[in-house]
Amino acid sequence: MYAVIKTGGKQYRVAAGEKIKIEQIAAEVGQEIVIDQVLAVGNGTELKVGTPLVSGASVKATVVAHGKHDKVRIFKMRRRKHYQKRQGHRQQFTELQIEAIAA
């Protein structure tokens, strides 16, 4: 069984027992959270798609860790203008362990 959830402006396909990295949320490590924005639920050949959300569906997950992704380097340059700019960014994430999908 799998589900498509929406969190942090992105959509993720999850199944029970998986670990996923999502945009950082305000939750303590070890805390159990419930994600109720479920867009679709699939079970083998059967697929239930919401309009826009599946009513009564939810995903239970446990917060495993918080951290930062690898650095993304931004380099801007204008040729012949003596302009160069270097910048870096590390996006923060929350790692979740998917426990159960309730449809």
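This report walks through two strand sheets, a nonpolar core and a salt bridge in a predicted model.

A few ground rules before the tour: local features need pLDDT of at least 70, side-chain atom pairs count only at pLDDT 80 or more, and totals for chains, interfaces and linings use all residues. Residues are numbered from 1 along each chain as its sequence is written, and side-chain values use heavy atoms, with hydrogens and water left out.

**The E2-E1-E5-E6 sheet**

Let's start with the open sheet whose four strands run in the order E2-E1-E5-E6, with antiparallel pairing. Strand labels here come from DSSP runs of at least two residues, numbered from the N terminus, and two strands pair if DSSP finds at least two bridges between them. E2 and E6 (46–49) sit at the edges with a single partner strand each, so one side of each has no neighbour in the sheet. On average, neighbouring strands here are turned by 15° against each other, direction ignored; the axes behind that angle are lines fitted to C-alpha atoms, and angles run from 0 to 180 degrees between N-to-C directions.

E1 (residues 2–7) and E2 make a hairpin with two residues between them, and Gly-8 in the turn has a positive phi of about 65°. Six bridges hold that antiparallel pair together, with Tyr-2 partnered by Ala-15 in E2. Over at E5 (residues 38–43), four bridges lead to E6, and Ala-40 has Val-49 of E6 as its bridge partner.

**The E3-E10-E7-E4 sheet**

The other open sheet also has four strands, ordered E3-E10-E7-E4 and paired antiparallel. E3 and E4 are its edge strands, each with a single partner, so one side of each is left without a neighbour in the sheet. The twist averages 45° from one strand to the next. Here are its pairs:

| Strand pair | Bridges |
|---|---|
| E3 and E10 | five bridges, antiparallel |
| E7 and E10 | ten bridges, antiparallel |
| E4 and E7 | four bridges, antiparallel |

For specific registers, Glu-23 stands opposite Phe-93 in E10, Lys-60 faces Ala-100 in E10, and Ile-33 is opposite Ala-61 in E7.

**The core**

In soluble globular proteins, nonpolar side chains tend to be buried together. The largest nonpolar core in this model has 19 residues, of which Ile-5, Val-14, Val-59 and Leu-96 touch the most other members. The elements giving two or more residues to this core are E1, E2, E3, E4 (32–35), E5, E7 (58–68) and E10 (92–102). A core of this kind is a set of buried Ala, Val, Leu, Ile, Met, Phe, Trp, Tyr and Cys residues joined through side-chain atoms within 4.5 Å, where buried means under 20% relative accessible area (exposed is over 50%, partly exposed in between, with a 1.4 Å probe and protein chains only).

Leaving aside neighbours within four places in sequence, Ile-5 has contacts (heavy atoms within 4.5 Å) that include Val-14, Ile-20, Ile-35, Val-38 and Val-59. Lys-10 is also on the contact list of Ile-5, which brings us to the charged pair.

**The salt bridge**

Searching the whole structure turns up one salt bridge, meaning a side-chain nitrogen of Lys or Arg within 4 Å of a carboxyl oxygen of Asp or Glu. Lys-10 and Glu-23 form it, with their closest N and O atoms 2.9 Å apart. The two residues are 13 residues apart and link distant parts of the chain, Lys-10 lying in E2 (residues 10–15) and Glu-23 in E3 (residues 19–23). Lys-10 counts as partly exposed, because its relative accessibility is 37%.
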